[in-house]
Amino acid sequence: MSNGIHHVTAISGPARRNLGFYAGILGLRLVKKTVNFDDPGTYHFYYGDEAGHPGTLLTFFPWETASKGQVGTGETFETAFRVPAAAIGYWAQRFVEKGVAHETPARRFGEPVLSFRDPDGMRLALVGVAGAESEPGREAADIPAEMAIRGFHSVTLLIEDAQPTGGILADVFGFAETASEGTTVRYQVAGEGQGGIVDLRVAPGFPRGNLGAASVHHVAFRAADDAAQAAMVERLVANHGLRTTRQKDRAYFRSVYFHEPNGVLFEIATDVPGFAVDEPLAGLGQSLKLPAFLEPRRATLERVLPDLG
Ligand code: ZN
């Protein structure tokens with residue numbers, strides 16, 4: 001089975017600052033430097049583990065002059081990464097040294113959680129997971145491998161009503177309701193470590209969000225291949241009365257999109273072909289990659305894209 005979160009895509013402020021934070025402070029690997037296929041004067045950065053596996057991918061559209069978004073219902077409230085439980089203290093110390101805005105470590109669903117913000121104010125967290133220390137970690141920046149981030153822990157969606165969203169997570173994406181705490185209901189994919197949790201935080205009457213810098217644009221869920229994706233699309237129509245967009249070729253995966261009933265934009269992305277399709281694994285993220293239809297515009301795009309320093 002390949003279920004769970006495939007990637008999370010967010011909007012950020014300046015590209016150079018975004019790169020400095022996610023690669024330089026969090027130690028994620030930039031696995032692809034490309035452009036927004038729908039707005040090619042804007043970068044699209046993909047950060048992930050060594051190979052950019054589904055379940056580790058946080059991606060950004062950096063807008064140099066973006067105004068800040070307003071978090072609200074119908075949106076992702078927080079994006080959380082997994083670290084070994086013993087690494088929480090290391091990260092709290094690192095955030096102090098690097099001037100990263102963060103809160104005192106707390107506990108959620110029995111696990112230690114360190115909440116923090118990126119330079120745009122995006123809500124992030126590190127969750128200490130028992131057993132994550134035995135998974136491979138990537139030594140990067142000045143972070144030892146044993147402290148490194150091990151992909152996504154979860155996303156928390158802020159919604160009016162858990163029932164219809166939970167129904168789709170369970171019926172279409174292979175999640176099951178496993179726990180609740182306060183106003184949050186947890187959905188989880190059995191046996192899936194990275195990206196296997198979606199928390200639904202119910203906030204009836206809370207204002208709806210506005211997209212801008214620090215907002216998550218959409219959450220993508222995994223489908224092994226085109227056939228698995230097509231089966232999910234059929235279930236959405238048959239059991240939930242929801243239609244998706246036509247399939248779009250995103251070069252590294254193929255995608256369909258739909259708004260779930262609480263308004264959160266969901267995507268279904270295939271695990272194939274992956275990030276080594278247009279450059280070798282060792283060199284991921286080092287040069288600007290463009291889809292074939294944009295190659296004729298490369299010189300112009302390289303002139304207009306922001307300087308990364
Ligand atoms: Zn996406």
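**Fold and zinc site of a predicted chain**

The chain of this predicted model has 5 helices and 16 strands.

Colleague: What radius of gyration does the chain have, and what would a compact globule have?
Modeller: The chain holds 309 residues, and a compact globule with that number would have a radius of gyration near 19 Å. The value for the chain agrees with this, being 18 Å.

Colleague: What share of the residues is buried?
Modeller: Buried here means under 20% relative accessible area. Of the 309 residues in the chain, the buried share is 55%.

Colleague: Among contacts between residues at least 6 apart in sequence, what percentage joins residues at least 24 apart?
Modeller: A contact needs heavy atoms within 4.5 Å. With pairs at least 6 apart in sequence taken as the whole, those at least 24 apart account for 67%.

Colleague: How far apart lie the centres of the positive and negative side chains?
Modeller: The chain carries 29 positive side chains and 36 negative ones. The centres of these two sets are separated by 4 Å.

Colleague: Which residues are the protein donors of the zinc ion?
Modeller: Their donor atoms lie 1.9 to 2.0 Å from the ion. Along the chain they follow the spacing H-x210-H-x48-E. The atoms are NE2 for both histidines and OE for the glutamate, and the donors are His7, His218 and Glu267.

Colleague: Which strands hold His218 and Glu267, and are these residues buried or exposed?
Modeller: His218 is in strand β13, residues 216-223, and Glu267 is in strand β16, residues 265-270. The pair is 49 residues apart and links distant parts of the chain. As for accessibility, both His218 and Glu267 are buried.

Colleague: Where is Ala269 found, and which residues does Ala269 touch?
Modeller: Ala269 is found in strand β16. Its relative accessible area is 0%, so Ala269 is buried. Leaving aside residues up to four places away in sequence, Ala269 touches His6, His7, Ala220, Phe221, Arg222, Ala223, Gln229, Phe253, Arg254 and Ser255.

Colleague: How far apart in space are Ala269 and Lys98?
Modeller: In sequence, Ala269 and Lys98 are 171 residues apart. From C-alpha to C-alpha, the distance between them is 34 Å.

Colleague: Is Ser215 buried or exposed, and which residues does Ser215 touch?
Modeller: Ser215 lies in the loop between β12 (197-202) and β13. Ser215 has 3% relative accessibility and therefore counts as buried. Not counting residues up to four places away in sequence, Ser215 touches Ala10, Ile11, Gly69, Glu75 and Asn210.

Definitions and conventions: Residues are numbered from 1 along each chain as its sequence is written. This is a predicted model: local features need pLDDT of at least 70, side-chain atom pairs count only at pLDDT 80 or more; totals for chains, interfaces and linings use all residues. Side-chain values use heavy atoms; hydrogens and water are left out. Helices (H or I, at least four residues) and strands (E, at least two) are DSSP runs, numbered from the N terminus. The radius of gyration is taken over C-alpha atoms; the globule rule is 2.2 Å times the number of residues to the power 0.38. Buried means under 20% relative accessible area, exposed over 50%, partly exposed in between (1.4 Å probe, protein chains only). Lys and Arg count as positive and Asp and Glu as negative; His and the chain ends are not counted. The place of a charge is taken as NZ of Lys, CZ of Arg, CG of Asp or CD of Glu. Donors are N, O and S atoms within 2.8 Å of the metal (3.2 Å for Na, K and Ca); water is not among the atoms, so sites may look incomplete.
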